Amino acid sequence: MSTSTANTVRHLRRAVHAIRWYVRELSGEAVYDRYVAHARSCDPDAEVMTRREFERSRTDAREADPREGFRCC
């Protein structure tokens with residue numbers, strides 16, 4: 001593989017990685033990963049919520065606080 005091809009592949013991989021990171025942050029998908037990392041760093045033996053439990057908890061919290069997640073319907 002030539003040097004220019006290797007550089008192009010490296011830049012393409014970096015761009016794909018940045019786009020993936022951005023989409024995960026924008027969609028909120030990365031929030032669960034941060035929760036798991038935080039929970040395990042604080043107490044490695046603690047039971048961590050499943051993704052479904054975590055998302056339900058987030059939704060309930062947003063709907064319970066009208067300042068944060070106000071919904072008209």
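Tyr-32 is buried, with a relative accessible area of 14%, and this tyrosine makes a handy way into the structure above. The model is a predicted one, and the protein chain in it has 4 helices and 0 strands. Tyr-32 sits in helix α2 and belongs to the largest nonpolar core, so let's begin there and then step back to the chain as a whole.

**Tyr-32 and its surroundings**

- Leaving aside residues up to four places away in sequence, Tyr-32 touches Val-48, Met-49, Thr-50, Arg-51 and Phe-54.
- One of these partners, Met-49, lies 17 residues from Tyr-32 in sequence, and the two C-alpha atoms are 9.4 Å apart in space.
- Tyr-32 counts as buried because its relative accessible area of 14% falls under the 20% cut-off.

**The nonpolar core**

- The largest nonpolar core has 5 residues in all: Tyr-32, Tyr-35, Val-36, Ala-39 and Phe-54.
- Helix α2, which runs over residues 29–42, gives the largest share of this core, with 4 residues.
- Phe-54, also a member of the core, touches Val-31, Tyr-32, Tyr-35 and Met-49 when residues up to four places away in sequence are not counted.

**Helix α2 and its neighbours**

- Which residues of α2 are buried? They are Ala-30, Tyr-32, Tyr-35, Val-36 and Ala-39.
- These buried residues of α2 pack against α1 (3–27) and α3 (51–64).
- As a general point on spacing, an α-helix has 3.6 residues a turn, so residues three or four places apart point the same way.

**Two alanines in helix α1**

- Ala-6 is placed in helix α1, and Ala-6 counts as partly exposed because its relative accessibility is 31%, between the 20% and 50% cut-offs.
- From Ala-6 to Arg-62 there are 56 residues in sequence and 46 Å in space, C-alpha to C-alpha.
- Ala-18 is found in helix α1, and Ala-18 is partly exposed at 42% relative accessibility.
- Between Ala-18 and the core residue Phe-54, the separation is 36 residues in sequence and 25 Å in space, taken C-alpha to C-alpha.

**The chain as a whole**

- Reading along the sequence, you will meet the pattern α-α-α-α.
- How does the radius of gyration of the protein chain stand against what a compact globule of 73 residues would have, and what is the value? The protein chain has 19 Å, while such a globule would be near 11 Å.
- Along the principal axes, the C-alpha atoms fill a box of roughly 55 × 40 × 20 Å.
- Of the 73 residues in the protein chain, 15% are buried.

**Surface and charge**

- The protein chain exposes about 6,500 Å², and carbon and sulfur atoms supply 56% of that area.
- There are 14 positive and 12 negative charges in the protein chain, and their mean positions are 10 Å apart.

Key: Residues are numbered from 1 along each chain as its sequence is written. This is a predicted model: local features need pLDDT of at least 70, side-chain atom pairs count only at pLDDT 80 or more; totals for chains, interfaces and linings use all residues. Side-chain values use heavy atoms; hydrogens and water are left out. A nonpolar core is a set of buried Ala, Val, Leu, Ile, Met, Phe, Trp, Tyr and Cys residues joined through side-chain atoms within 4.5 Å. Buried means under 20% relative accessible area, exposed over 50%, partly exposed in between (1.4 Å probe, protein chains only). Helices (H or I, at least four residues) and strands (E, at least two) are DSSP runs, numbered from the N terminus. Contact means heavy atoms within 4.5 Å. The radius of gyration is taken over C-alpha atoms; the globule rule is 2.2 Å times the number of residues to the power 0.38. Accessible areas come from the Shrake-Rupley method with a 1.4 Å probe; for residues, only the protein chains shown count as cover. Lys and Arg count as positive and Asp and Glu as negative; His and the chain ends are not counted. The place of a charge is taken as NZ of Lys, CZ of Arg, CG of Asp or CD of Glu.
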